[in-house]
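The exercises below are meant to be worked through with the sequence and the model side by side. Try each task before reading the solution that follows it.

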Amino acid sequence: MNKKYKIYFILIIILILFTTTSLITYINKVQNLTNKSTLNSLKELTKQDVAKIQNNINEHIRILETIVNEIENNQLERSEQVFEIYNRNSGNNQFSRIAIMYETGETSTNDGQVVDLSKEKEKFFDENNIKISQTMQSKIDNKKINIYSKKTKLGEEDVVILLVIETNKYEEIFIESIYSGNGNEYIITKDGQIIAKTNQNATDTNIFENIERFIDNNKKNKNELNDIKQNIQNNKNSENIVYNGIKKYFITYQKLNINDWYLVIIAKGSAVAEELNQVIIIMLIMSILIILVITIVSIYIVMSEKRKEKSLYNLAYTDQITKLGNYNYFIKEGQRNLEKESIKERYLIVLDIDKFKTFNKKYGHKMGDKLLKKIGEELTKILSENSIICRISNDIYGIIIWNIKNIDKKAENICKKLSKIKIEDMSCTIFVYLGIYEIINNKYNILECFDKAIVAHNKAKGNSERQYYIYNEKIELQLEKENEIENIMQEALENKEFVIYYQPKISTKNDKITEAEALVRWFRNGKLIPPNEFIPIFEKNRFIIKLDKYIFEEVCKDLNEWKQKNVNLKVPMISINISKEHFYEEEFIKEFVDIAKKYNIDPKEIELEITESATLNNQIDVIKVMNNIKKYGFRISLDDFGTGTSTLGMLQTMPIDTLKIDKIFVDKIDFNNTDKNIIEYIIYIAKKLNLKTVAEGVENINQVNYLKSIGCDMIQGYYYSKPVSKGTFLQSLKFGIMGTDLPN
Ligand code: C2E
Ligand code: CA
Ligand code: CA
């Protein structure tokens, strides 16, 4: 992921975290506030109820005290008297009845009942002060009751006066104050025994067990419950919150001033608080939704941006024809690769297709594109995964390969595999040129490495001997020199620095000059640059086409001039070297015809020398080219015969007039071995085919004699004459003596 998106994602995450935390803090704060206010109002309520119950009970105690005081002050002796006092004082009839318990446990009530309470009597006789009992069941009517009791004397007898009240009288006090109808109120003992409660139907007897039943069984709740128990044990008034799921229960408890009793209110989270909770939950959900929407939208935007970027990236970095990377990709990926120092045996290769333009012209652009694609596919097949393969321009591929043990083998393999390519059932012979640079240490950046490979590639390009070169400094120096030549060649042509030297061809019959070969010489600043230093360069950059035309025109001019000036002179046939580079231009010969016409020269007077190696071109139908040349009347000689791989048999198919036997055969004459027989055989066959024979590079009399003896027609060589200037040549023609110019 790139930096921009990283920042984007981090921002979104920060936004989400920030919103969530602030929301949670806010909710907590609101909840704490509502809890606090709920608890406060509940506390207030509890306090009020405590006061109410306290008042009520105090009133009950006061009534009992009044009754007992009257018994004691009046020294009453009979129970009827006691009941009478009760009737007067019992107020608003809260009590169910009054009873007198005798020492036997026999207890008689004001409504005429007698009950045996001998079992319970101890509890009542033990205490001298007024006492209120726990909740118990009435033996008379089975109702839940509480009893206020005080010891006194009735006559001589110890008795306990009992005021019986139904427990629900306390509960009636609660009823008005039940908290919003959502709470329960209890009177309990310290250990949680329920004395009175609002919910009559509930069967609970112990409030702690009850609480334990409805709260969640978790640590927090347990701690809260323990806290409640502890506080009650320590006579403290306090309040706690317990939970059942998301439901909240507020518990407040305050001590009553009677026995060890406590008043407890358990209230559900108030309706208001609930509403507030709902608002908060809605807010929370909305916020989450908003965050979610923001996140989804952001992700969508980022994704579509990425997609856009990817398609832009594709456009910017992919070659649409081969689907390989393009130049930009090559440079970018190549630099990345270069920076990986762990990669070893790494080479940068520049590969191009020879004469791709010609292929395009011949078969059309569609086929050209197919060829490019096919070569891309083949390269991908040949090279393992340890490679970067790109088409970096027209017909040029940039390649980086690594883990290559034998680069020569690899390069040869590439050339071989690409040499035969099949496109739509058409087999094509393809020639590629490779420039290779070995990336040893990473002192160069990709562009510099690329330049080095280009140097090696320039060396290979157009080279008929080798299809690939591996960069070294010598190549670079050589190329610099070539560059220099390229920079001045056009200017040299315009300045007429190229001049023609003629080398006579001597007839073996009469030792006379019958023909001559025109050879170019380059004089620059008084110095001679030999043809082998510039002809190969001109062939590579195709400047040879211009030069050959120029030489052809100069020869025509000379021929014309000689004819005009020397009416008696028999002008010999002149042969001119024609580079194979012309053959790629179909109508080239027409231009030569036009030039000849311009100088009134009949093409029959001119022979065109075509090297044997030029005929070995797979891309061109050379026979067709030769036939075309012949059609216009030029003669053709096959130059440098014996240096290529053509056989004598092949001569039969070529429309040639002359065979020029290369110097390497002539040199063999001096050695008296069987090789000598080869030249004899060549001449024999040439005669059979009606071809004239010329021996090149003849340097001594021995060679002359031998060539004469085997019937060679003409001799060209230093023995008779080096190539000489036009003036010298003309002199030789006129006077029959060979001259020399220095330098030649
Ligand atoms: P080539 O066509 O085989 O020309 C013959 C070469 O042999 C000439 O070299 C010539 O000077 C040399 N030579 C002739 N007799 C002897 C001999 O007895 N001993 C030795 N050692 N050498 C001899 P040059 O003039 O240096 O030309 C070299 C090549 O350059 C030519 O080989 C030809 O391929 C090319 N060339 C020269 N002029 C032209 C031109 O105008 N157009 C084209 N396309 N190529 C040319
Ligand atoms: Ca020649
Ligand atoms: Ca030759």
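## Exercise 1: the surroundings of Glu 497

Leaving out residues up to four places away in sequence, Glu 497 touches Ala 492, Arg 521, Trp 522, Phe 523 and Arg 524. The model is a predicted one, and the task is to place Glu 497 in the secondary structure, to decide whether Glu 497 is buried or exposed, and to find the polar contact of its side chain.

*Solution.* Begin with the secondary structure, where Glu 497 is found in the loop between helix H13 (473–494) and strand S20 (498–507). Next take the relative accessible area, which is 11% for Glu 497; because buried means under 20%, Glu 497 is classed as buried. Finally, inspect the side chains: those of Glu 497 and Trp 522 are joined by a polar contact of 2.7 Å, and Trp 522 is also among the residues that Glu 497 touches.

## Exercise 2: two calcium ions

Identify the protein donors of the calcium ion (ligand 2) and of the calcium ion (ligand 3), and state which residue coordinates both.

*Solution.* Start with the calcium ion (ligand 2), whose protein donors are Glu 517 (OE), Asn 577 (OD1), Glu 609 (OE) and Asp 639 (OD), at 2.0 to 2.3 Å from the ion. Read along the sequence, these donor residues have the spacing E-x59-N-x31-E-x29-D. Distant parts of the chain are linked by the pair Asn 577 and Asp 639, the former in strand S23 (residues 573–577) and the latter in strand S25 (residues 635–641), 62 residues apart. With a relative accessible area of 24%, Asn 577 is partly exposed, whereas Asp 639, at 4% relative accessibility, counts as buried.

Turn then to the calcium ion (ligand 3), for which the coordinating atoms belong to Asp 639 (OD), Asp 640 (OD) and Glu 696 (OE), with Glu 696 (OE) listed twice, at 2.1 to 2.4 Å. The spacing of these donors along the chain is D-D-x55-E. Asp 640 lies in strand S25 and Glu 696 in the loop between strand S27 (692–695) and helix H21 (701–709), so this pair ties together parts of the chain that are 56 residues apart in sequence. Asp 640 is partly exposed at 25% relative accessibility, while Glu 696 is buried at 11%.

The last step joins the two sites: Asp 639 coordinates both calcium ions, and the ions themselves, ligand 3 and ligand 2, are 4.0 Å apart.

## Exercise 3: Phe 641 in strand S25

Decide whether Phe 641 in strand S25 is buried or exposed, and list its contacts beyond four places in sequence.

*Solution.* The relative accessibility of Phe 641 is 4%, and Phe 641 therefore counts as buried. Its contacts, again without residues up to four places away, are Glu 612, Ser 646, Leu 648, Leu 651, Leu 659, Lys 660, Ile 661, Asp 662, Phe 665 and Ile 682. As a check on distance, the C-alpha atoms of Phe 641 and Lys 663, which are 22 residues apart along the chain, are separated by 9.1 Å.

## Exercise 4: the second largest pocket

Describe the second largest pocket by its volume, the residues closest to its centre, and the make-up of its lining.

*Solution.* The volume comes to about 1,100 Å³. The lining consists of 42 residues, of which Lys 355, Lys 357, Thr 358, Arg 542 and Tyr 584 are the closest to the centre. Among the elements that give two or more residues to this lining are strand S13 (346–353), helix H9 (356–363) and helix H14 (531–541), and the largest share, 6 residues, comes from H9. By residue class, the lining divides into 13 nonpolar, 10 polar and 19 charged residues.

## Exercise 5: two buried helix residues

Locate Ile 173 and Ser 298, and find which residues each of them touches beyond four places in sequence.

*Solution.* Ile 173 is in helix H4 (residues 168–175) and is buried at 7% relative accessibility; its contacts are Lys 52, Ile 53 and Asn 56. Ser 298 is in helix H7 (residues 271–317) and is buried, with a relative accessible area of 6%; its contacts are Tyr 8 and Ile 12. To finish, consider two C-alpha distances: Ser 298 and Phe 9, 289 residues apart in sequence, are 8.6 Å apart in space, whereas Ile 173 and Lys 692, 519 residues apart along the chain, are separated by 147 Å.

Definitions and conventions. Residues numbered from 1 in each chain as written. Chains lettered and ligands numbered in written order. Predicted model: local features only at pLDDT ≥ 70, side-chain atom pairs only at ≥ 80, totals over all residues. Heavy atoms only, no water. Helix = DSSP H or I, 4+ residues; strand = E, 2+ residues; numbered from the N terminus. Buried < 20%, exposed > 50% of the residue type's maximum accessible area, 1.4 Å probe, protein only. Polar contact = N/O pair within 3.5 Å; in protein donor to acceptor, adjacent residues only side chain to side chain. Contact = heavy atoms within 4.5 Å. Donors = N, O, S within 2.8 Å, 3.2 Å for Na, K, Ca; no water. 1 Å grid on protein atoms, 1.4 Å probe; cavity = no way out; pocket = protein on both sides within 12 Å on 5 of 7 lines; lining within 4 Å. Points joined across faces, edges and corners; volume = space filled by probe spheres on them. Nonpolar A, V, L, I, M, F, W, Y, C, P; charged D, E, K, R; others polar.
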